[in-house]
Amino acid sequence: MSEALPAPDVITPPPDEAADKAPRRKSRLGVAGWLAALWLLAVFAGALLAPILPLDDPQITDFFVDNNSSPGTGGHLLGTDENGYDIFSRLVWGGRVSLVVAFGVLLLGMTVGGLVGIIAGYFRGRLETLLMAVVDIFLAFPSLILLIAIVAFLGADLKNVVIGISLVSIPAFARIARATTLTFSQREFVVAARAAGAGNGRILVREILPNVILPLLAFGLLVVAIAIVAEGSLAFLGLTSSETVSWGGMINGGRRPLQEEDIAHVAIIPSIVMFLTVLSVNFLGDRFRAAFDVKDAAL
Amino acid sequence: MARRIIAAPSVEGPLLVVDDFRTHFRTDGGTVRAVDGVSLTLERGRTLGIVGESGSGKTVLSRSIMGLLTARNVVRTGSVKLNGQELVGASNAEMRALWGTEMAMVFQDPMTSLNPVMKIGRQITEGLRFHLKVPKDEARAQALSLLESVGIPDPKRRLDQYPHELSGGMRQRVTIAIALACGPHLLFADEPTTALDVTVQAQILNLLQEQQRERYMAMVLVTHDLGVVAGRTDEIAVMYAGQIVEKAPTSTLFANVRMPYTEALLKSIPKLEQPSHTRLQIIGGRPPDLVNPPHGCRFAPRCPYAQPKCHAEMPPLVEAEPPGHEYRCWFPVGTEAGREALERNLAEHVPAAEAAVTGDSHAAGLVDTAGLVDTADHGGEA
Amino acid sequence: MQIVRTVLERVAKLVIVVLIVSFLTFLLTKLLPGDLTATLLGPEASNPEAVAALEAELGLDKPMLVQYWDYISGVVTDFDLGTAYATSNFPVKDLLTSRLPATIQLMLMAQVISLAISVPLAMLSAYRANSLTDRSITAGAFGLISVPSFAMAVFLVYLFSLQLDLLPALGYKRITGPDGIGANLRSVALPVAVLVAGLTAVYTRLLRSDLIATLQEDFILMARSKGLPTWHILLRHALRPSSFSLLTVFGINFGSLIGGSVILEYFFSIPGVGLLAVESIGKRDYLAVQGVVLLIAVAFVVVNFLVDTLYAVLDPRVRRAGAR
């Protein structure tokens, strides 16, 4: 056998005496990673603390300034929107919605999808074929339209939006969970556990689950990013309740000023906030995923 | 009939001259000195065998001589001259003009060295059309005769087939055909038979020899298997930890081995005369760390003859009595100094020495079986 | 013949998927709150006789499966997808055909342009892996993926409509319309640009990572050792074996773009299929919704089939396996 050849750019140093040391996990986040984490922390904190922060009421019109007034006028840090509401305050409140969506998807979508995937991947056979066929059919559905239909069916409040997005995310989680379960259930420690007399339930909980959860969580972060965009899309299309303050809704509100009155900030500011949030989640999710070396299942 | 491409030698002297050649890789863990001061020459039409275990640097050497390593962290120093032209530091364009036409390589695994989604014929004619500007039809005809000359039956059909449709041995013949297409003067064969069935190995080696003779080509045969180079090479160079530790005409090497590492290699080849169930002789220990190689002789930690001087000072390559035989050892095999060194070690119960003498590596404690689990079904045997 | 049998099997599976998707949509629309008859009848809705009469006329009083069967047989026999009662009383088929051109134009332009940009970009990036060029391209792609389409649309409108006044901020002009192809192209430029940004980012990342993996293979080293020029190796040796992930996603996107450019059609007021779906859901026009979903499902499934066939063309090893 010829010795290992250097890859185009980096070669692995030859094995040293202590080759049984655990490989060093690359845990450096880098500047970008810390910035991303910081941003998310700020959004998170703002969202949680919104009720007690000294913010203008996000749904009260300020009659002392024009609608769509630029940042800085009349004490409004980022200006007012098309209804005269304070933009900065709406941004902070809008974060709550994104937060709820994120947790909801992780809770509902990941749990259900993960369960379906793990069961399919572990038990194989007819059960797997059936489950994955159903999953594939749902993946064939244009997800946005499905989401719109679900929200229309259930009614347009925040709870239903979260349920809808979670439902639509289940197939993706199921596929990843199944793929990860497949790799793990072939490994020796599962065979060993079975040989020691462990039943299926025990193996699932003790061996499979702890190993699948981490990559699933890493993937979950990426799904959270998509979920935030999905909620934003719904709000943008005017399909969520007008009671909730949402970034997507804010962008939608900024359409008329942008396209008809040449006023940009009402739409651009929430766009930037949304972009930075999604970027940060994506970035951290990507780092997290790289740490576990999960292969992307072709979604 | 194969077309013979014999170019007139452009300069006098050896075809390939390598002088104090080094190839280092800069990594996060340090600089890996994969090739650390290799010098050799090769004349036209002659065969050089390079032998070494995994990690000796032999594959890196052949690829680095050809200049195929272009990763950013590679540092090559020293001199490699092909027909008088300096290769170290040559530009990419200059190298591309040489690859295929002057030097070529046959790789180890024909399954992975052939493009799986390209027809065989195309893979052969590519070089012809690029380098020699041969028009399409003529290139195809040449490819056909090349396939014939490497012994592929029904070559016309094979031209339009894909690699996965051929057997392992045939695939390797195809890679040989590809390498020879533009008539190189120097051929590197990097473990050409390791990935093949034993029955096919001899055929491929014979083919290489035959082509070499017909084309008056120089060949470098890189392998870990001494059996491959015996009888097929004019000269053998033994590599260890990035250096050449012994170099001699083939018959001299087998008859008059000097370097203990070479001796150990020779001893580890199982022989027919040995009784069955004879335990294989191994060389205990592992190759050294190429980032921080030992100060003295690099083989000293595993050498049966090692003395304090060996650990302290690196032995230089010296010539033995018959010229052309170089070795790198303070206490070489077959000399008075060597015999005394071995006896001293035996007296002190140095494991490597005991294993070398008794032939039983297990008893000498050189084989570490702790933690190994025997999971094979021995069919009833103990 | 083995190949014919495989093809027929595949087609059969596809038909089943389409039928299931269509049936599920049918069920879903039946479950939507809000009564079609109530909408149509208006004040008369409290009159049970009027309701019954309308139901009978629309065929709503038959059992579900019968309704569905009537629908499907109508579709298959003469492409009759019903009539969009709630909205315009046009036949659904006509509605779809009138909305298709805009969506198809967006989709085709976006896909082609994205492919044209991402392939050379990915090759450059992979060839110079980890260099500054590569890292910038990768970072750029990552950033673009993170931008929601409506946010990108806002940026582009801000830049090109407001600041530079080059392109219209909304509206769609048909190719065959009075202002000719120039106006048409200007009206789709921004939505297509948004699509291209997202697609290019995804394609570049996909192709780059596959190319990097391929470039490590032995046969690439062998090709280099033959002295072949770099562009030739990249194009003729590396590209083909690396294109499978890209091809898969490219194909999937044809299906999803038909319904998926909803946001952009809404933002730029482009009368396309996605927008039709949203409007119809809102108005409970179940036949129109079914029509759109059926269209998307068929498109999706057909494209998948084509992509599978393309695999066999690209990789001869697959041909062998499929023919068994």
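In which sense, parallel or antiparallel, do strands E7(B) and E8 (residues 218–223) of chain B pair, and over how many bridges? In this predicted model, E7(B) and E8(B) pair in the parallel sense, and five bridges hold the pairing together. Within that pairing, B:Leu187 is set opposite B:Met219 in E8(B). E7(B) also pairs with strand E6 (residues 103–106) of chain B, again in parallel, through four bridges, and here B:Val106 stands opposite B:Ala189 in E7(B).

How many of the five residues of E7(B) are buried? Five of the five residues of this strand, which spans residues 186–190 of chain B, are buried, so E7(B) is largely enclosed by the rest of the structure. In a regular strand the side chains alternate between the two faces of the sheet. Both faces of E7(B) are covered, with B:Leu186, B:Phe188 and B:Asp190 buried on one side and B:Leu187 and B:Ala189 buried on the other.

Chain B also holds an open sheet of four strands, paired antiparallel in the order E2-E1-E4-E5. Strand E2 (30–42) and strand E5 (85–86) of chain B stand at its edges, and because each has a single partner strand, one side of each is left without a neighbour in the sheet. At the E5(B) edge, two bridges join this strand to strand E4 (residues 74–82) of chain B in an antiparallel arrangement, with B:Leu82 having B:Gln85 as its bridge partner in E5(B). Helix H1 (residues 58–66) of chain B lies across strand E1 (16–27), E2 and E4 of chain B, and runs at about 70 degrees to E2(B).

Further along chain B, helix H14 (residues 351–358) has B:Ala352, B:Ala353, B:Glu354, B:Ala355 and B:Ala356 buried, and the buried residues of H14(B) pack against helix H13 (336–347) of chain B.

Chain C, by contrast with the strands just described, has a secondary structure of 15 helices and zero strands. Of its 324 residues, 41% count as buried, and among contacts in chain C between residues at least 6 apart in sequence, 68% join residues at least 24 apart.

Where chains A and C meet, 34 residues of chain A are in contact with 39 residues of chain C. On the chain A side, helix H3 (125–140), helix H4 (143–154), helix H7 (200–236), helix H9 (255–261) and helix H10 (265–292) each supply at least two residues, and H10(A) gives the largest share, eight residues. By class, this side of chain A has 26 nonpolar, five polar and three charged residues.

The largest nonpolar core has 249 residues, of which A:Ile148, B:Ala177, B:Val238 and C:Val292 touch the most other members. Leaving aside residues up to four places away in sequence, A:Ile148 touches A:Leu239, C:Val278 and C:Ile281.

How far the details may be read depends on the confidence scores. The model scores ipTM 0.80 and pTM 0.78, while chain C averages a pLDDT of 80, with 84% of the residues scoring at least 70. Among the elements of chain C, helix H9 (residues 218–225) of chain C has the highest mean pLDDT, 91, and helix H15 (residues 316–323) of chain C the lowest, 57. Where pLDDT is low, the predicted coordinates should not be read in detail.

Methods:
Residues are numbered from 1 along each chain as its sequence is written. Chains are lettered from A and ligands numbered from 1 in the order in which they are written. A residue is buried if 20 or more other C-beta atoms lie within 10 Å of its own, exposed if 12 or fewer, and partly exposed in between; C-beta atoms are placed from the backbone. Two residues are in contact if their C-beta atoms, placed from the backbone, lie within 7 Å. Ala, Val, Leu, Ile, Met, Phe, Trp, Tyr, Cys and Pro count as nonpolar, Asp, Glu, Lys and Arg as charged, and the others, Gly among them, as polar. Two strands pair if DSSP finds at least two bridges between them. Axes are lines fitted to C-alpha atoms, for helices over the stretch in contact, and angles run from 0 to 180 degrees between N-to-C directions. A nonpolar core is a set of buried Ala, Val, Leu, Ile, Met, Phe, Trp, Tyr and Cys residues joined through C-beta atoms within 7 Å. pLDDT is the predictor's confidence in each residue, from 0 to 100.
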